[in-house]
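Student: I should like to take a close look at a single part of this structure. Could you please guide me through one of its pockets and then through what lies packed elsewhere?

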Amino acid sequence: MTPNDYLAALLKSQDLKSDGEELKALQSARADVEEALRADFSDCTPSIRYGGSKAKGTMILDDYDLDVICYFPHDDTSAGATLEDIYKNVRSSLEEDGYVVTQRTTALRLRDKEGGDFHIDVVPGRFTDATKTDTYLHQNGGSKKFLKTNIQTHIDHVAKSGHTDIIRLMKIWRRRNGISIKTFPMELLIIEVLKGSKAQGLDGRLTRVFSEFRDNIHDYAIEDPANPTGNDLSDLLNDGVRASLTAGATSTLQTVEASGWDVVFGAVEATSESHKVAALAAAAVHAPTPTRPWFDAA
Amino acid sequence: MVRRGVKLPWFIREPDGLEALRSTLRAKYPTLHADEANGRIVVLGSLPISHQGTELDWYLIEVALPDDYPASPASVREVGGRIPCMADRHVNPDGTLCLAVPEEMWIKWKGKFDIGSFLEGPVRTFLIGNSLIEHGKEWPHGERSHGAAGVCEFYRDAVGIGEPNQVLQLLGCLAKERIKGHWVCPCGSGRIIRNCHREPIFEMHAKLPPDVIKYSLNLVLKEIGNHS
C-alpha cells in the first residue's frame, strides 16, 4: 500500500457512517437539544443549526462532537438582556431539561446525569443585526467578555480550503499524540501552512505540514477570518503550543522516515468484532506477567 | 541553592536519563511524548495494544513518573474519556488506573519500573482487560476485590495466608526491620517461620518497600476494626 493509499484508507476509516450508531446517536441527541431549546425559548425563535466540524466536513470517528449553534435575534432580549444573561439562561434551561452542563469558553458541553457524554456543545449567541450573519458570543475568561464572529465565514474558510482531508488527518494525529491545541487555531494554521504550497497528495501535504511545524512554526501567525482585527487568537497559538507542535512534528517525521505513516496513525484494516475479541483474549493469555486490577477503597 | 535533605527529581539528577527515556519512547512508542509538567516528567499520548503485529486497540494515556523513577511505579490515567472513573472499572477517585495491588507490582517487577517494563507489563494487561470488558467479556486474569479484601487475596495467592487476621500478623511481621526464622508463622499452623512459610515471607520482606507494607497493614487493620 502506498503512503497515499494508506492515508486515504485511514481517512475512510474515520468517517462517521450515515447509518452508523455514532451519527444516529448524535442526530438524535441534537434533535432533543433543539426541541428543548425551542420549547424553552419559544418567544424568541432562535436560529439553531450545526456548526463546527459537522458543517466544515472535518469530523473524525476518534474524536467527534457536534456544535449546535443557538443564536437569538439582535433585537430580542427575552432570552437575556446581555450576552452573559443569554449564556446563563441557556445554561439554566438546559439544566432544567435534565442535562449536566459544563461551561467552556463560549460553549456549553452537555452530559447526562450518569456522566455520559452527548458529544454536543451548544453555542449561545446573538446576531449583531437583522442580516443574521455576524454574531456576538459571550466569552468566559480571556481579556474580553465577548467576541464578534461569523460562523458561516469560519465554515467556508475551512470547508472551501481544499485541505479538509489534511485537517482530519491532523486531528487524528493530535488525538493520538496527546497534543494540546484547540481545533480552530490548528485548522487556521494548517490552511496557512498549505497556502500556495506546491505539495501534492495526502502524503506530500501532510509531510509539508509536519515539516513546517518542525522547522518554521514561529513564521506563522493566525487571524480570525470573521474578525481579523477584533479577535486576538495569539493565546490559542502561544509559545507553549508552538513548542508542543514542533516537538510532536519532529518525533512524527522521524517515525515516518523510519517506519511509515502506519506507525504514527495505527492500523486501518477492518477487523471483525469477533476476531478482535479473540485476538485480545490471545494477547491476554500471552502476557508474561499478568496482574489483576484492584481498587484502593481507602 | 539546594536544601539539605531534599532529593532532586531523577531527571534533574540524571539529565541523560531523560534523554534515554525520550529515546525509548521514540523507538518503541512514537505516539507517546515526555514533557516536564509541575516538576515531574509526564508521558502523554496514545499507547497501541497490538498482538502479533496487528493493532487491536489504543488508549490515550498520561503517565506521571515518580521522583525516584525508575525505582518505583508510575501512576497512569486514561485521558481519552473512555474508562469511567468508578470502583468496578478499577479506576481510583483521582482518575489513576488501579493496575494491581501494590505488592503484586513490586514482587513481579522487582522494583524495576522503567517505562518499557511498566507499559508492557501492568499497563498493557490492564488495558487489554478493559478492551475485553468493553466487549462484554470478563477480566482475562480475574480481578481483585476492592480494598483490604483484595490485599488479602493477594497474600492468599502469593503466600498461602489470606484470612484477614493472619494477613495482619503477616504484615506486622513484614513491617519489622528483620524477620527471625524462629518466630511463629503468621499462617496459624503453630510452626515457626523457618519450618513453614519461610521462602515466600522472606521474599516479600526483601522486595516490598516499608511504606507499601505499612499502607496495607493500615488498610487491613481498618477493615478488621470495621467488622469487629
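**The second largest pocket and the nonpolar cores**

Tutor: Let us begin with the elements around the pocket. In this predicted model, the lining of the second largest pocket draws at least two residues from each of three elements of chain B: strand E4 (75-78), helix H3 (102-109) and helix H8 (210-227). The volume of this pocket is about 610 Å³. Its lining comprises 20 residues, and those closest to the centre of the pocket are B:Pro73, B:Ala74, B:Ala100, B:Pro102 and B:Trp106. By character, the lining residues divide into 13 nonpolar, four polar and three charged.

We may now turn from open space to packed side chains. In soluble globular proteins, nonpolar side chains tend to be buried together. Here the largest nonpolar core has 73 residues, and the most contacts inside this core belong to B:Leu21, B:Val63, B:Leu65, B:Leu127, B:Tyr155 and B:Leu174. Helix H4 (residues 115-134) of chain B gives the most to this core, namely eight residues. B:Leu127 deserves a closer view: setting aside its neighbours within four places in sequence, B:Leu127 is in contact with B:Leu47, B:Ile49, B:Tyr59, B:Ile61, B:Ile83 and B:Leu97. Another core, of 41 residues, lies apart from the largest one and includes A:Ile166, A:Leu189, A:Ile217 and A:Ile222.

Finally, consider one residue of chain A. A:Gln152 lies in helix H5 (residues 151-159) of chain A. Its relative accessible area is 32%, so A:Gln152 is partly exposed. Although A:Gln152 and A:Gly51 are 101 residues apart along the chain, their C-alpha atoms are separated by 8.3 Å.

Definitions and conventions
Residues numbered from 1 in each chain as written. Chains lettered and ligands numbered in written order. Predicted model: local features only at pLDDT ≥ 70, side-chain atom pairs only at ≥ 80, totals over all residues. Heavy atoms only, no water. 1 Å grid on protein atoms, 1.4 Å probe; cavity = no way out; pocket = protein on both sides within 12 Å on 5 of 7 lines; lining within 4 Å. Points joined across faces, edges and corners; volume = space filled by probe spheres on them. Helix = DSSP H or I, 4+ residues; strand = E, 2+ residues; numbered from the N terminus. Nonpolar A, V, L, I, M, F, W, Y, C, P; charged D, E, K, R; others polar. Buried < 20%, exposed > 50% of the residue type's maximum accessible area, 1.4 Å probe, protein only. Core = buried A, V, L, I, M, F, W, Y, C linked by side-chain atoms within 4.5 Å. Contact = heavy atoms within 4.5 Å.
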